[in-house]
Amino acid sequence: MLCYRVIPCLDVANGRVVKGTRFVDLVDEGDPPELAERYALEGADELVFLDITAAPEGRGTLLDIVERTARRAFIPLTVGGGVRRVEEMRDVLRAGADKVSLNTAAVADPSLVTRCARRFGRQAVVVAIDAKQRPSNPAAPEAVTWQVYVKGGREATPLDAVEWAVRATALGAGELLVTSIDRDGTRSGYDTDLLAAISRRVEVPVVASGGAASPADFVSAVLDGHADAVLAASIFHRRIHSIAAVKSAMSAAGIPVRLDGEAAA
Amino acid sequence: MTRVAVVDYGAGNLVSIGQALQADVVLVDCGQSFDRFDGLVVPGVGAARPAMNRLRRRGLLDPVLEWLASERPYLGICLGLQLLFDGSDEDGATTFGALPGRTIRLVDAPRLPHIGWNQVEVRRTHELFDGIPDGSNFYFVHSYAGEPTADAAGSVLAETTHGRPFTSAVARGALTGVQFHPERSGRDGLRLLANFVGSLRSTAWPSAAVAAVGSAAGSSRVGASSAARAPSFGAA
């Protein structure tokens, strides 16, 4: 049976892993390949690198980091941030990434998703969706909807998150990385309503992101949000909870996870 | 040291494979004979037709088919396994035809693509899985899998369940293939690759001849060499 995945996310700026709240107060958390190797040893099922500088001068640095990581951590690696063209995706894959995550560029030019999927296969194309709950309609308080934001959550779009998720998979996305802007950085748990709303409408795996505080939140993302994988950053970086602790909570809740990761790197 | 050729046709993560194979690894991205190698690894993700087209365009298809015909050691990874069969339902492509069967879409899968770690149930003893506990987790990322015909059912080495069970490893003679990604499957994946390399018998070559072909156009060394450079990927 397919295991549910636990994925540490590493925000990378100028060649270092950083953590801050939405691009401000960035704190240096270390060398990306070193942290990647540590997480692989600790049982991470996969890694996500998000290049939060995504500036042209940062690109070469990122490719170097991806390659150094691919040489040290023998688990899958997804890279996101600033990929706007098929050739840029090719360069990231050539450096050793297994998947590339598209966000702002996919909203701006949905055909990019299709072109990337045709060239590299849909399994290599992740569409990342940053979603924020719309104010509820007093006439129908049960009808919750979410709006898609781009540019690191700073710019609203007219897109409905669930409809965009459905369309992105039709365009060729092989996986969706769904981040709740409302929950991100708040440690109030994943938005399981958002996750469930998307998960029940698509066939591809859904990765939950934004809001993880406790191992119970990971359990809830799977059982209530029907997520196939669960991503978190700060609680792992700051060693608030270990990957093993999260997995053991998931396993205790009857969720199949890979528990033989101790020596996996 | 045994010499392994990794076929580079622009479809796959070659950095990890080159690094994971503990052998003298040469990435081969244009047509040449594989005679000087002890083993051939064909990686790859994606669909069969573009892969076949790229192999043909780079002059790699005939050398691969000759290698298979001579029954020399082959390890197919993901698409490199699927290509061994007669053809693919994914896009109707005709593939190597080295194993009777077809590449079909996973049946009754709860989610597609099948992405993540899943258990590999080994059906018979084989050196590829030496030292790897039965039921170990390996990393998968695919929607299709090669299915041998009933006549070739003996080639099934391992099965995995996603929806229904599918063939996750094959072996027939020197020909082997795995649907998962050993280069992304941690310790057990590295062990499987080491088992493949360990099964190869080093061909005795005069050292001058090795040096001469080692610098041949269209090849780049990775893995054992510390001066490794980024492998070519997707130039097409």
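**Exercise 1. A sheet in chain B**

In which sense do β5(B) and strand β6 (residues 101-105) of chain B pair, and over how many bridges?

*Solution.* This is a predicted model, in which local features need pLDDT of at least 70, side-chain atom pairs count only at pLDDT 80 or more, and totals for chains, interfaces and linings use all residues. Residues are numbered from 1 along each chain as its sequence is written, with chains lettered from A and ligands numbered from 1 in the order in which they are written.

Step 1. Fix the terms. Helices (H or I, at least four residues) and strands (E, at least two) are DSSP runs, numbered from the N terminus. Two strands pair if DSSP finds at least two bridges between them.

Step 2. Read the pair. β5(B) and β6(B) run parallel, joined by 2 bridges. One residue pair to look for: G87(B) has R102(B) of β6(B) as its bridge partner.

Step 3. Place the pair in its sheet. The sheet is open, has 3 strands in the order β5-β6-β10 (chain B), and its pairing is mixed. Its edge strands are β5 (87-88) and β10 (144-148) of chain B, each of which pairs on one side only.

Step 4. Step back to the chain. Chain B holds 6 helices and 14 strands. Of its 236 residues, 54% are buried. Buried means that 20 or more other C-beta atoms lie within 10 Å of the residue's own; exposed means 12 or fewer, partly exposed means in between, and C-beta atoms are placed from the backbone.

**Exercise 2. A covered strand in chain A**

Find the strand that holds L177(A) and describe its surroundings.

*Solution.* Step 1. L177(A) lies in strand β10 (residues 175-180) of chain A.

Step 2. Check the cover. In β10(A), 6 of 6 residues are buried. One side shows E175(A), L177(A) and T179(A); the other shows L176(A), V178(A) and S180(A); both faces are covered.

Step 3. Find the neighbouring strands. Strand β7 (residues 125-133) of chain A runs parallel to β10(A), with 6 bridges between them. Here V126(A) has E175(A) as its bridge partner. Strand β11 (residues 206-209) of chain A also pairs with β10(A) in the parallel sense, over 4 bridges. There L177(A) is matched with V207(A).

Why does L177(A) count as buried? Because 28 other C-beta atoms lie within 10 Å of L177(A).

Step 4. List the contacts. Two residues are in contact if their C-beta atoms, placed from the backbone, lie within 7 Å. Leaving out residues up to four places away in sequence, L177(A) touches S101(A), V126(A), A128(A), V207(A) and S209(A). A229(A) is 52 residues from L177(A) in sequence, with a C-alpha to C-alpha distance of 9.1 Å.

**Exercise 3. Two helix pairs in chain A**

Describe how α3(A) packs on α5(A), then how α8(A) packs on α10(A).

*Solution.* Step 1. Set the geometry. Axes are lines fitted to C-alpha atoms, for helices over the stretch in contact, and angles run from 0 to 180 degrees between N-to-C directions. Angles under 35 degrees count as roughly parallel, over 145 as roughly antiparallel, 65 to 115 as roughly perpendicular and the rest as oblique.

Step 2. Take the first pair. The axes of α3(A) and helix α5 (residues 111-120) of chain A come within 10 Å and cross at roughly 45°. The two helices are therefore oblique.

Step 3. Name the residues. V86(A), M89(A) and L93(A) of α3(A) meet R115(A), C116(A), R119(A) and F120(A) of α5(A). That contact has 5 nonpolar, no polar and 2 charged residues. Ala, Val, Leu, Ile, Met, Phe, Trp, Tyr, Cys and Pro count as nonpolar, Asp, Glu, Lys and Arg as charged, and the others, Gly among them, as polar.

Step 4. Take the second pair. Helix α8 (residues 215-223) and helix α10 (residues 243-252) of chain A pack at about 50°, with axes 8 Å apart. α8(A) is therefore oblique to α10(A). The contact joins P215(A), A216(A), F218(A), V219(A) and V222(A) of α8(A) to A245(A), V246(A), A249(A) and M250(A) of α10(A). By class it has 9 nonpolar, no polar and no charged residues.

**Exercise 4. The interface**

How many residues of chain A are in contact with chain B?

*Solution.* Step 1. Count. 36 residues of chain A are in contact with 31 residues of chain B.

Step 2. Assign elements. α2 (56-70) and α3 (86-94) of chain A each give two or more residues to this side of chain A. α3(A) gives the most, with 3 residues.

Step 3. Sort by class. This side of chain A has 18 nonpolar, 5 polar and 13 charged residues.
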